[in-house]
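These are comments on the two-chain model, set out as numbered points. They go from the chains to the contacts between them and then to one sheet.

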Amino acid sequence: MAVASIAAAVIGLGAFSAPAKAADPVTITIWTFGDVIQRNLVAEYKALHPEVTLQIKKSDLDPLDGTNMVTACTSKTGPDIVATEVSYSGYWRSYPKCFTDLRTMKTTGEPTANIAAGLSASDIKANYLPWRWAQGVAFDGSVIGIPTDVGGLEVAYRTDLFKKAGLPTERGAVAKLWPTWDKFIATGQKYNAKLSAANKKAGMGFIDNAGTIYAAIMNQGTAKYYANDGTENGKLIYDTNPQVKLAWNTTIKATQAGIGTRIGQYTSDWNIGMNKGTFATILAPAWMMDYIKAQAPDTAGKWDIADMPGGGGNQGGTQLGIPSYAQNKQAAYDFLTWYLAPAQELKVFKTYGLFPAASVLYKDPALTGYTDPFFNNAPVGKIYAEGVQTLKPIFEGKLQRAIDTAIGAGLGRVAAKKMTAEKSWAQVLSDLKKVVNN
Amino acid sequence: MTKGERGKTSLTPWKKTRKPEAFPGVRSLNGKWGYLYVAPFIFMFVVFGLAPVLYSVYISFFHWDPLGSSNFVGLRNFNNLLHDSDFWLSIRNTFSIWGLSTFPQMFMAIGLANILRNTRLRGKSFFRTILLVPNITSVIAITIVFSQLFGRDFGIINDILSWAGLGHHIDFIEGVIPSHVQIATMITWRWIGYNTLIFLASMLAIPNELYESASVDGATKRQQFRFVTLPQLKNTITFVLIVGTIGGLQVFAEPQQLAADGGSSKQFLTLTLFLYNQAFVNNKYGYAAAIGIMITFIVLIISTVNFFISRKISNDGTR
């Protein structure tokens with residue numbers, strides 16, 4: 001209760017100083033990566049607020065959310081807004097002192113965009129998908145980030161290649177092929193069996209990379225590598241959590257069944273393979289749709305999107321936060337609440353494919369009725385919305401990124417036939433011991 | 001030699017009465033001016049060079065968390081490091097990549113320099129200029145292009161190899177030696193022009209008389225290269241080796257761009273990449289500092305060996 005009264009006091013101060021600031025020219029610095037901050041929306045905001053200048057600095061994800069943010073927080077400097085990817089949210093939720101608690105901020109109000117004055121993060125929380133919101137909440141309850149998007153994860157498949165292999169092509173029938181992961185693997189084997197010897201020799205296969213199944217299954221569970229034991233760090237359970245074993249075993253099974261092409265994602269081979277039809281399926285987060293369009297424009301209309309095996313899926317997603325040493329917190333918060341309001345997230349989805357984390361949109365016909373001609377007019381809004389709503393919140397731990405990397409390397413060793421699954425898992429455990437202990 | 005000099009100075013004893021002055025007008029300051037001139041460098045060096053080094057020595061004794069609490073662990077980081085198989089693996093990888101990049105490159109650079117030395121070659125300055133282009137190209141760009149060339153399924157190098165019947169779909173990332181070859185090729189591509197110019201410069205400094213007398217003695221072009229050019233390049237070869245070794249121990253961007261974790265079985269995890277990953281991926285800053293200190297020791301050992309070898313070579317030269 002003491003926290004609440006302090007929060008109220010700070011809110012009062014915020015409201016008092018806000019109107020004076022609004023008219024003064026102000027520069028908001030933003031550290032971001034990829035397509036999180038969209039140029040056309042920035043221009044739109046500039047039109048609403050001529051006094052605001054947005055200075056956007058783009059970096060790669062790992063240096064941004066790792067080194068740069070650690071350096072900024074240690075040296076008590078930093079931008080006004082920073083984009084954090086969910087793979088790092090486990091790390092940053094352990095350091096709430098580096099972020100402004102957004103529950104203590106209050107909007108100045110933006111009548112043209114229908115944003116009322118005096119809204120704190122707690123007031124807008126209801127607009128967003130609950131488990132996705134939780135990824136931006138630190139262990140002490142403070143809100144350190146508001147989600148821009150949720151990754152979602154569905155199966156992107158090539159209708160032309162499915163037809164050639166004698167599989168159904170209609171997305172409802174395709175989803176029925178794989179209610180479970182085992183059925184997905186069986187479908188892959190059926191597809192591969194229909195490939196000609198020449199195509200097999202050319203390295204064709206059912207899915208681009210069987211290793212991607214691991215992350216998909218992990219996100220369908222309720223816990224990853226940490227159990228919430230009420231402490232800041234949580235309890236490490238990577239070696240006992242049955243979900244980890246299930247995801248590992250299923251991925252190994254898929255790998256050894258040979259349904260994958262072993263092409264690594266985001267390599268040049270991947271981009272070429274996408275054009276050549278080397279693989280018929282990709283486990284695709286919503287933000288990947290834009291990547292496929294850009295890399296393989298000639299395959300337009302040949303793709304479609306079907307439901308994931310085992311229910312929904314998620315991979316990635318980003319949130320925007322205000323570092324505790326930001327210079328222009330009020331202006332930053334006003335921009336952030338405008339930029340992440342449902343109306344803007346819908347625009348971003350339609351132009352760049354980042355799927356909105358604002359769950360109030362999931363029943364909005366503007367989203368559910370949205371179809372994409374590149375993906376054979378699939379109702380992508382509806383499919384991804386249904387997928388992300390089946391997921392449950394997962395306790396994100398500090399070393400999640402490092403643990404994911406070590407397990408990913410372990411799967412890679414098996415895929416490259418450098419080690420047996422048992423040996424590789426033993427190596428994963430010894431690698432992780434070093435990550436956790438040394 | 002020294003005796004004669006001593007004798008000479010004793011002939012002019014009056015000159016010893018006053019110290020030579022750099023700035024006759026400011027007699028009182030004399031040598032102190034020197035400190036003022038080196039001060040900017042010393043200042044920058046202390047702030048950006050020495051202080052971070054000492055600081056990393058300090059944090060190598062800690063379990064260090066820049067954002068949370070840190071505790072003193074004594075020599076535990078070093079003890080863990082010596083028992084960490086990844087550390088030894090990264091030493092192996094670093095030296096393997098160093099060997100694969102340094103020696104073939106040196107042979108090629110000497111060969112190229114020998115061609116460019118030819119007085120009848122047209123467009124000499126053009127070739128000398130474009131040789132440096134790879135050196136000023138961004139490492140990231142080089143890596144992106146080369147990883148496409150070396151692609152397992154659609155890479156042109158695999159196309160050529162399978163056409164020549166030398167291999168099929170060689171995985172230049174998963175294989176240990178293939179991945180080292182790929183990285184070494186990138187390093188060679190980047191540095192060969194630079195080294196060629198160094199060799200060329202020292203070849204052009206070889207007095208023409210040596211070649212003339214060799215040809216009078218009936219030496220063929222090949223023999224001239226073997227018995228005149230190569231011996232005269234000894235010091236340059238040592239220099240290139242030392243610079244190459246220092247660079248070789250710092251190989252980072254190329255493997256990092258291929259796979260940030262150094263490959264699925266850490267087959268191309270180099271020492272510096274190992275350090276970087278411990279610090280900035282696993283957030284083990286103390287451990288990373290300990291790795292940095294171990295790298296310093298390795299460099300010290302190699303420099304000492306280099307020192308003795310180069311001293312031996314230059315002694316051989318004067319004999």
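What percentage of the 319 residues of chain B count as buried? The share is 26%. The points below take this up chain by chain; note that the model is predicted.

1. Burial. In chain B, 26% of the 319 residues are classed as buried. For chain A, the buried residues amount to 51% of 438. A residue enters this class if 20 or more other C-beta atoms lie within 10 Å of its own.

2. Secondary structure. Chain B contains 15 helices and two strands. Chain A has 20 helices and 11 strands.

3. Dimensions of chain A. The radius of gyration of chain A is 23 Å, close to the 22 Å from the globule rule for 438 residues, so chain A is as compact as a globular protein of that length. Along the principal axes, the C-alpha atoms of chain A occupy a box of roughly 75 × 50 × 35 Å.

4. Sequence separation of contacts. In chain A, 76% of the contacts between residues at least 6 apart in sequence join residues at least 24 apart. In chain B, residues 24 or more positions apart supply 66% of the contacts with a separation of 6 or more.

5. Domains of chain B. The domain assignment splits chain B into domain 1 (16–77) and domain 2 (85–318). Between the C-alpha centres of domain 1 of chain B and domain 2 of chain B the distance is 33 Å. The contact between these domains of chain B involves nine residues of domain 1 and seven residues of domain 2.

6. The domain 1 side of that contact. Helix H2 (32–59) and strand E1 (62–63) of chain B are the elements that contribute two or more residues to the side of domain 1 that touches domain 2. H2(B) provides the largest share, three residues. By residue class, this side of domain 1 of chain B has five nonpolar, four polar and no charged residues.

7. Contact between the chains. On the chain A side 23 residues take part, and on the chain B side 21 residues. Which elements of chain A give two or more residues to the side that touches chain B? They are helix H3 (61–74), helix H13 (268–276), helix H19 (400–415) and helix H20 (421–437) of chain A. H3(A) gives the most, with six residues. The side of chain A that touches chain B is made up of 10 nonpolar, eight polar and five charged residues.

8. A four-stranded sheet in chain A. The strand order of this open sheet is E6-E9-E5-E10 (chain A), with mixed pairing. Strand E6 (205–207) and strand E10 (303–306) of chain A are the edge strands, each pairing on one side only. On average, neighbouring strands of the sheet are turned by 20° against each other, direction ignored.

9. The E5–E9 pair. Within the sheet, strand E5 (residues 154–158) and strand E9 (residues 279–284) of chain A are antiparallel and joined over four bridges. Val155(A) has Leu283(A) in E9(A) opposite.

10. A helix on the sheet strands. Which strands of chain A does helix H9 (residues 181–193) of chain A lie across? H9(A) lies across E6 and E9 of chain A, and runs at about 155° to E6(A). Of these two strands, E6(A) is an edge strand of the sheet, while E9(A) follows E6(A) in the strand order.

Conventions. Residues are numbered from 1 along each chain as its sequence is written. Chains are lettered from A and ligands numbered from 1 in the order in which they are written. This is a predicted model: local features need pLDDT of at least 70, side-chain atom pairs count only at pLDDT 80 or more; totals for chains, interfaces and linings use all residues. Domain bounds come from an automatic or database domain assignment. Two residues are in contact if their C-beta atoms, placed from the backbone, lie within 7 Å. Ala, Val, Leu, Ile, Met, Phe, Trp, Tyr, Cys and Pro count as nonpolar, Asp, Glu, Lys and Arg as charged, and the others, Gly among them, as polar. A residue is buried if 20 or more other C-beta atoms lie within 10 Å of its own, exposed if 12 or fewer, and partly exposed in between; C-beta atoms are placed from the backbone. The radius of gyration is taken over C-alpha atoms; the globule rule is 2.2 Å times the number of residues to the power 0.38. Two strands pair if DSSP finds at least two bridges between them. Axes are lines fitted to C-alpha atoms, for helices over the stretch in contact, and angles run from 0 to 180 degrees between N-to-C directions.
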